[in-house]
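Good morning, and thank you for the opportunity to present. Please have the sequence and the model in view while I speak.

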Amino acid sequence: MATEDTVIVTDTGFGPEDWAHGFATPNTLPATAGAALAVDLSPDADLSVLDGRLESIDMIRIDFPSFSDGRGFTLARRLRLKGFHGRLRAKGHVIADQYAMARRSGFDEVEIAAELARRQTEDQWLARANWKAHDYQARLRA
């Protein structure tokens, strides 16, 4: 669970944590779905452990151990292609310049440390919130 040391970034700016149900790891997933289920994934996670379970998962949070580690973007895209329709959150070392990429990969939101939010203020994140307008591939197709 996030704390006051955490900020949730969405297309509308900074906000507080609103998920109060905790997070499981792939190794600790309950046998049956409960009222709310969220899963933490490492950037090198094997997504096959979630096969047949995606419909029962409300949120998946993927860790970014450093801003230069882009494996989480690939995981997000693969989860969306597998049919995951729940909340998808990037957590950790994501910077404002990567927000548009995170959104295009399939993430709904980004969880950052409050210390990073003080250095990269809300206006810097909001400047990248119009992520659809800056899609290089879409401009090439047009």
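I shall describe the sheet, then a helix that lies across it, and finally the nonpolar core.

Please keep in mind that this is a predicted model. Let us begin with the sheet. It is open and has six strands, in the order S2-S1-S6-S5-S4-S3, and the pairing is mixed. In general, strands of a sheet pair through backbone hydrogen bonds, either parallel or antiparallel. Which strands form the edges here? They are strand S2, residues 13–15, and strand S3, residues 38–41, each of which pairs on one side only. On average, and ignoring direction, neighbouring strands of this sheet are turned by 25 degrees against each other.

Consider now one pair of strands. Strand S4, residues 59–64, and strand S5, residues 87–92, run parallel and are joined by six bridges. Asp63, for example, has Lys91 in S5 as its bridge partner.

Next comes helix H1, which spans residues 71–81. Helix H1 lies across S3, S4 and S5, and runs at about 160 degrees to S4.

I turn to the core. In soluble globular proteins, nonpolar side chains tend to be buried together. The largest nonpolar core in this model has 34 residues. Among those with the most contacts inside it are Leu41, Ile60, Ile62, Leu79 and Phe107. Which element gives the largest share of this core? That is H1, with four residues.

Finally, let us look at Phe107. Leaving aside neighbours within four places in sequence, Phe107 is in contact with several residues, including Ile62, Phe73, Ala76, Leu88 and Ala102. Thank you for your attention.

Notes:
Residues are numbered from 1 along each chain as its sequence is written. This is a predicted model: local features need pLDDT of at least 70, side-chain atom pairs count only at pLDDT 80 or more; totals for chains, interfaces and linings use all residues. Side-chain values use heavy atoms; hydrogens and water are left out. Two strands pair if DSSP finds at least two bridges between them. Helices (H or I, at least four residues) and strands (E, at least two) are DSSP runs, numbered from the N terminus. Axes are lines fitted to C-alpha atoms, for helices over the stretch in contact, and angles run from 0 to 180 degrees between N-to-C directions. Contact means heavy atoms within 4.5 Å. A nonpolar core is a set of buried Ala, Val, Leu, Ile, Met, Phe, Trp, Tyr and Cys residues joined through side-chain atoms within 4.5 Å. Buried means under 20% relative accessible area, exposed over 50%, partly exposed in between (1.4 Å probe, protein chains only).
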